[in-house]
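Here are some short exercises to work through with the model open beside you. Try each task on your own before you read its solution.

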Amino acid sequence: MARVLTILLALALPMSALAEDVVLGLSQKQVRITTNFDGSEILIFGAVKRDAPAPDSAPLEVIVAIEGPSTPLTVRRKERKVGIWVNVDAVEVDKAPAFYAIATSAPFAQVISDTEDLRYRVSIPRAIRSVGAPMNVDDAASFVEAVIRIRQSSGLYQLNESAVEVTEQTLFKTTIALPANLTEGDYKARIYLTRAGKVVSDFETVIDVRKVGLERFLFNLSRQQPLIYGLLSLAIAIAAGWLASAAFRVLLRN
Amino acid sequence: MQIYLPIAEVSVNAFLLLGLGGMVGVLSGMFGVGGGFLMTPLLFFIGIPPAVAVATEANQIVASSFSGLLAHVKRKNVDFKMGTMLLIGGLFGAAVGVVLFNYLKAQGQVDLLVRLCYVVFLGVVGTLMFVESLNAIRKSRKAGDAPAKKRRERGWISKLPFKMRFHTSGLYISVIPPIIVGVLVGILAAIMGVGGGFIMVPAMIYILGMPTKVVVGTSLFQIIFVTAFTTLLHATTNFTVDIMLAVLLLVGGVIGAQIGTRIGVKMKAEQLRILLALLVMLVCGKLALDLLLQPGELYSIGAVGGH
């Protein structure tokens, strides 16, 4: 009987570690890009659902990551040749998200261990996939670093350490700023609960970022009826040119 | 007021774009240049993707050139006959230019070639025009209020066949030089991705010997067709024309062009030429510096396959 109990306990221990679940709330499940879209802020909040009392081995930490649609990129580097600066080396990055923001409840290195980061691809460099560099480029890593540097400075990649507020090991919330130059697509929101650097639970949902109204109409027209779209652009140009000329004639006569 | 552009997928300040459009429109009306060589780098600078900037700029030039053209037509400053000859050559040249561009692209480093092309052409055209106009101004000062000497007709040009009378320009010359000028400008325009006004204007003044006042309107007439064609090509093949961006730019542009035309009419031909020369030299200097100075960020991100 005692033996059965120890086996049950041994089974229950890892179970209890897994028995923390995320219940998530989002201030908006959909971001609508309208004509006067000027960036947006998403409030991400949630609670930890438990079957047993919270283990007090290590504090609960939370990571929130929002990832935009990925595209392949070409990164070029300038070098000085015969006195002028020209693009020499180019490296193709297979997949780089158009937007990537991470918020954590403590400094990043404390929240998640390197092995867990590798497994779940949480940190910014791990979100970018770059496999093949051409033979003539020996420092391909610096090209990926450049992508991160350029996009971080324009607010497209963000690492907000200690930006997630955790209350009573149960409630958490954070806000993530979406910049004005947002591309459309499905934005993946991932939430990880960690203890002592190990992921104990994760949760994933999708935020829908879409153009609406006039933006939607013009975008669709340009893709589905490019000739009509082009002629429409020209018609507007000619009409505006004529209108300005006519208006000035009337204005100057009076 | 921020406006989100549907094709460029960036949010920009509407008033900034109106201002930029207006500024370039004034230059367009004054000098008969489309302004693409000025506006395109400015659009890059405020964060519009290069492909969208180039295509949309063509659309905006149609509007400001048309606005400027109407103002010149009223003053009878447009030589339609000459414009048509240049246009015939220009369209042929543009087709050759596109073929040449694709060939160079396959060889790599087309970017660098385009930049060097800019620096060399802007530099040569700007300097020659500057020196010539300065001399003209000095001469007219010395001679007091006496009218400027009429330009001598070049011997070989007057000997060519297929002569035609261009009433508005006051010329009786062969149609061959205008067509050749059109072809050459068309080739350059296609390679450099601009309307070509800043090369066409000096070519009309110095090679064809047209009066400066007529040159501006005629150049605008020619530019409308070239840029309209470019706009359609971009819209149907690359999907890069942003109609929202174009509207913001062209509202400023058409108003600017009207003001520019009125400023241009009040100025002397030499002054107009010297200002255009300075402008061309300024842009040339900026491009040369970009090539010579170490850039702040050595790396640049581009779409795969694009450049």
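**Exercise 1. Find the strands that flank S7 of chain A, and say how each one pairs with S7(A).**

Step 1. Strand S4 (residues 60-67) of chain A is joined to S7(A) by five bridges, and the two run antiparallel. Strands here are DSSP runs of E with at least two residues, helices are runs of H or I with at least four, and both are numbered from the N terminus. Two strands pair if DSSP finds at least two bridges between them.

Step 2. Pick out one pair: A:Ile63 has A:Thr104 of S7(A) as its bridge partner.

Step 3. Now turn to strand S8 (residues 157-160) of chain A, which runs parallel to S7(A) and is joined to it by four bridges. There, A:Ala103 stands opposite A:Asn160.

A note before you go on: this is a predicted model, in which local features need pLDDT of at least 70 and side-chain atom pairs count only at pLDDT 80 or more, while totals for chains, interfaces and linings use all residues. Residues are numbered from 1 along each chain as its sequence is written, and chains are lettered from A and ligands numbered from 1 in the order in which they are written.

**Exercise 2. Sort the residues of S7(A) by the way they point, and decide whether they are buried or exposed.**

Step 1. In a regular strand, side chains alternate between the two faces of the sheet.

Step 2. A:Tyr100, A:Ile102 and A:Thr104 point one way, and A:Ala101 and A:Ala103 the other.

Step 3. Five of the five residues of S7(A) (100-104) are buried. A residue is buried if 20 or more other C-beta atoms, placed from the backbone, lie within 10 Å of its own, exposed if 12 or fewer, and partly exposed in between.

**Exercise 3. Identify the edge strands of the open sheet S1-S3-S10-S9 in chain A.**

Step 1. The four strands of this sheet pair in the antiparallel sense.

Step 2. Strand S1 (20-26) and strand S9 (165-167) each have a single partner strand, so one side of each lacks a neighbour in the sheet.

Step 3. Check one edge: S9(A) pairs with strand S10 (residues 171-178) over three bridges, and A:Val166 stands opposite A:Phe172.

**Exercise 4. Describe the side of chain B that touches chain A.**

Step 1. Here 47 residues of chain B are in contact with 47 residues of chain A; contact means that C-beta atoms, placed from the backbone, lie within 7 Å.

Step 2. H10(B) gives the most to this side, with nine residues.

Step 3. By type, the side divides into 32 nonpolar, 12 polar and three charged residues. Ala, Val, Leu, Ile, Met, Phe, Trp, Tyr, Cys and Pro count as nonpolar, Asp, Glu, Lys and Arg as charged, and the others, Gly among them, as polar.

**Exercise 5. Place B:Val201 in its surroundings.**

Step 1. B:Val201 is one of the buried residues of H8(B), a helix (residues 197-206) with nine of its 10 residues buried.

Step 2. Not counting residues up to four places away in sequence, B:Val201 touches B:Phe31, B:Gly32, B:Val33, B:Val215, B:Ser219 and B:Leu276.

Step 3. In the largest nonpolar core, of 137 residues, A:Ile63, B:Leu5, B:Val201 and B:Leu250 touch the most other members. Such a core is a set of buried Ala, Val, Leu, Ile, Met, Phe, Trp, Tyr and Cys residues joined through C-beta atoms within 7 Å.

Notes:
Contact = placed C-beta atoms within 7 Å.
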